[in-house]
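Here are a few exercises to work through with the model open in your viewer. Try each one yourself before reading on.

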Amino acid sequence: MPSARRAGADDLTGLLGYVAAGLCVSLLPEDLRDFPVPGIAFVPLRGSSPHLETTVAAVHRPDADAAVLRLLDLIQRHARP
């Protein structure tokens with residue numbers, strides 16, 4: 001299997017430009033599905049797949065607000081093992 005390559009964009013416009021140019025694919029919030037971008041097809045992910053793995057990382061300040069810490073705790077409690 002070929003190694004995965006990563007690209008980064010500073011904003012949504014840059015990311016969508018990479019996708020439209022055929023340089024990458026991206027996972028985006030469902031709310032953007034009606035965002036008109038020539039050359040891009042928004043395809044919903046449905047069901048489960050043994051080939052799709054998702055890693056979510058949360059970055060926060062050491063002195064994070066209590067609400068942030070509660071949210072992180074909630075996410076950890078509901079995450080699949």
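**Exercise 1.** This is a predicted model. Which residue forms a salt bridge with Asp 73, and how far apart are the closest N and O atoms?

*Solution.* Start at the Asp 73 side chain: the salt-bridge partner is Arg 77, with the closest N and O atoms 2.9 Å apart. Next, look at the spacing. The two residues sit 4 apart in helix 2, so about one helical turn separates them. That fits the general picture: an α-helix has 3.6 residues a turn, so residues three or four places apart point the same way. Finally, check the exposure. Asp 73 has a relative accessible area of 36%, so it's partly exposed, while Arg 77, at 56%, is exposed.

**Exercise 2.** Work out whether the length of helix 2 agrees with its residue count.

*Solution.* Helix 2 covers residues 66-78, which is 13 residues. At 1.5 Å a residue, and counting one less than the number of residues, the expected span is 18 Å. The end C-alpha atoms are 19 Å apart, which agrees. While you're at the start of this helix, notice Asp 65: one of its side-chain oxygens comes within 2.9 Å of the backbone nitrogen of Ala 67.

**Exercise 3.** Find the residues that form a nonpolar patch on the surface.

*Solution.* Begin with Leu 71 in helix 2. Its relative accessibility is 49%, so it counts as partly exposed. Add Leu 74 and Ile 75 and you've got the patch, with about 270 Å² of accessible area together.

Conventions
Residues numbered from 1 in each chain as written. Predicted model: local features only at pLDDT ≥ 70, side-chain atom pairs only at ≥ 80, totals over all residues. Heavy atoms only, no water. Polar contact = N/O pair within 3.5 Å; in protein donor to acceptor, adjacent residues only side chain to side chain. Patch = residues over 30% accessible without salt bridge, like charges linked within 9 Å, V, L, I, M, F, W, Y side chains within 5 Å. Areas by Shrake-Rupley, 256 points an atom, 1.4 Å probe, with all protein chains shown as cover. Salt bridge = Lys/Arg side-chain N within 4 Å of Asp/Glu carboxyl O. Buried < 20%, exposed > 50% of the residue type's maximum accessible area, 1.4 Å probe, protein only.
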